[in-house]
Amino acid sequence: MQIEDWPSAKTRPALYRELKQLDLIENLAELEAFGFTVIPPDKVGDADFHARVLATAHRVACERKDCADSNALAKSFREGQELLRFVLWDDPLFERLVLNPAALGLVQWLVGTDCVLSLANIWVKGQGKARTAIHADWAQFDMPTMAVETYGANFNYLVTDYAKEEGGLCFVPGSHLWRRWPSSEESEYWAEHAHPVEAEAGSMIIWGDHTWHGSYAKTTPGLRMMVLGMYNRQHMQTQEAYRETATNEALARNPLRFTRLMNVYNAMPWGKTQGGPRPGAPQGYLSLFDTTPAGEAVSVRPDTDYHNYDKAAGEAVKAGMSSAAISFPDMYKGKG
Ligand SMILES: O=C(O)CCC(=O)C(=O)O
């Protein structure tokens with residue numbers, strides 16, 4: 001059928017058309033049916049891109065762990081695993097990775113076209129018994145029943161090949177429909193019965209925060225390595241401090257979608273003076289294919305004096321609210 005820009009569907013038609021252009025409709029169906037999907041390397045990037053991610057991930061991990069090379073890294077990770085946190089600013093290649101059209105497109109299907117980046121990590125695991133228990137990424141621990149919508153979504157970019165014996169990721173297919181965390185007994189059961197992902201390096205695995213998953217132990221020598229990106233809905237606290245650490249230079253060299261990922265135009269929190277939308281905020285659907293650097297059109301959040309009441313700004317707010325009723329955006333039209 002013809003996918004039109006139906007206002008009731010907000011930005012979904014535009015996103016759907018681009019996912020179709022990327023030949024990802026089957027992946028989208030897998031996400032809906034089973035709660036996870038694997039994007040093959042050729043839909044993620046070319047050989048040069050994959051070679052650069054491999055080299056960069058190894059370099060950054062070796063630098064963090066003071067290892068001369070990957071052999072030394074593998075030795076230091078025997079019987080261990082670690083998430084190397086907050087790698088986004090360690091190399092501009094990670095900026096490319098979090099904007100990868102295929103991954104970001106499917107993530108946006110799960111958490112909206114205005115989602116923000118929550119974390120970017122390199123996850124390293126060595127040979128041994130280390131594994132991750134079966135869990136869901138739903139992190140609203142005071143809300144044990146999950147909302148219909150996912151609040152978070154992940155990609156794992158595989159730096160090394162994945163299989164059960166390689167210590168790869170595993171899923172409980174269909175569990176995203178149960179909308180609850182596993183009990184400890186269920187987690188124990190599925191630790192031995194979850195489906196292991198078999199995929200080659202350069203693939204990206206995508207799933208939302210409802211899906212039960214974990215990983216197996218790596219019984220073979222060497223390293224299991226991946227780059228993990230997690231995205232959240234805009235109202236949530238991110239796991240890593242992107243809004244606070246993004247620079248104007250980083251915004252300028254990237255397309256507008258990166259500015260939105262950094263959440264620097266979110267008006268909240270307010271102090272005594274109510275903040276409004278800041279001019280220059282990226283509007284509407286932002287294409288997955290846009291690579292035009294944003295330049296000086298955007299900027300990071302200015303320093304704010306939260307304790308000062310700005311009388312003129314207050315008068316403007318008062319004037320804007322002086323009509324008979326305070327109005328709210330129409331939930332069923334326009335952006336979303
Ligand atoms: O690879 C693993 O051990 C688990 C990965 C995981 O839980 C995640 O990326 O959210």
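Reader: Let's start in strand 10: which residue there stands opposite Asn156?
Author: This is a predicted model, so keep that in mind as we go. Asn156 has a partner across from it in strand 10. That partner is Leu228.

Reader: How many bridges join strand 5 and strand 10, and in which sense do they pair?
Author: Strand 10 covers residues 223–232. Strand 5 pairs with strand 10 in the antiparallel sense, and the bridges between them number seven.

Reader: Which residue is the bridge partner of Asn154 in strand 8?
Author: Strand 5 also pairs with strand 8, residues 204–208, in the antiparallel sense over five bridges. Asn154 has its bridge partner in strand 8, and that residue is Trp207.

Reader: Which residues of strand 5 point the other way from Gly152, Asn154, Asn156 and Leu158?
Author: In a regular strand, side chains alternate between the two faces of the sheet. In strand 5, Gly152, Asn154, Asn156 and Leu158 point one way. Pointing the other way are Ala153, Phe155 and Tyr157.

Reader: Is strand 5 mostly covered or exposed?
Author: Strand 5 runs over residues 152–158, and seven of its seven residues are buried. The residues pointing either way from strand 5 are buried. That makes strand 5 mostly covered.

Reader: Which strands each supply at least two residues of the shell around the ligand?
Author: Let's look at who is there. The residues around the ligand include Asn154, Asn156, His213 and Ser215. Two strands each supply at least two residues of this shell: strand 5 and strand 9 (213–215).

Reader: How many residues of the shell around the ligand are polar?
Author: Besides those four, Trp123, Thr132, Asp137, Leu169 and Leu228 are also around the ligand. By class, the shell has three nonpolar residues and one charged residue, and its polar residues number five.

Reader: Why does Ala130 count as partly exposed?
Author: Ala130 is in the loop between strand 3 (116–126) and strand 4 (132–135). To be buried, a residue needs 20 or more other C-beta atoms within 10 Å, while 12 or fewer would make it exposed. Ala130 falls in between, because its C-beta neighbours inside 10 Å number 18.

Reader: Which residues does Ala130 touch, not counting residues up to four places away in sequence?
Author: For a sense of distance, Ala130 and Cys170 are 40 residues apart in sequence and 14 Å apart in space, C-alpha to C-alpha. Leaving out residues up to four places away in sequence, the ones Ala130 touches are Glu79, Gly80, Gln81, Lys125 and Ala217.

Reader: What radius of gyration does the protein chain have, next to that of a compact globule?
Author: The protein chain has 12 helices and 10 strands, and its C-alpha atoms fill a box of roughly 70 × 45 × 40 Å along the principal axes. With 336 residues, a compact globule would come out near 20 Å. The chain agrees with that, at 21 Å.

Reader: What distance separates the centres of domain 1 and domain 2?
Author: The chain is divided into domain 1 (11–232) and domain 2 (245–317). Taken over C-alpha atoms, their centres are separated by 29 Å.

Reader: Which helix gives the most to the side of domain 1 that touches domain 2?
Author: 14 residues of domain 1 are in contact with 13 residues of domain 2. Helix 1 (12–21), helix 6 (92–98), helix 7 (101–111) and strand 3 each supply at least two residues of that side of domain 1. The one giving the most, with three residues, is helix 7.

Conventions
Residues numbered from 1 in each chain as written. Predicted model: local features only at pLDDT ≥ 70, side-chain atom pairs only at ≥ 80, totals over all residues. Helix = DSSP H or I, 4+ residues; strand = E, 2+ residues; numbered from the N terminus. Contact = placed C-beta atoms within 7 Å. Pairing = 2+ DSSP bridges. Rg over C-alpha atoms; globule rule 2.2 N^0.38 Å. Near = placed C-beta within 6 Å. Nonpolar A, V, L, I, M, F, W, Y, C, P; charged D, E, K, R; others polar. Domains from an automatic or database assignment.
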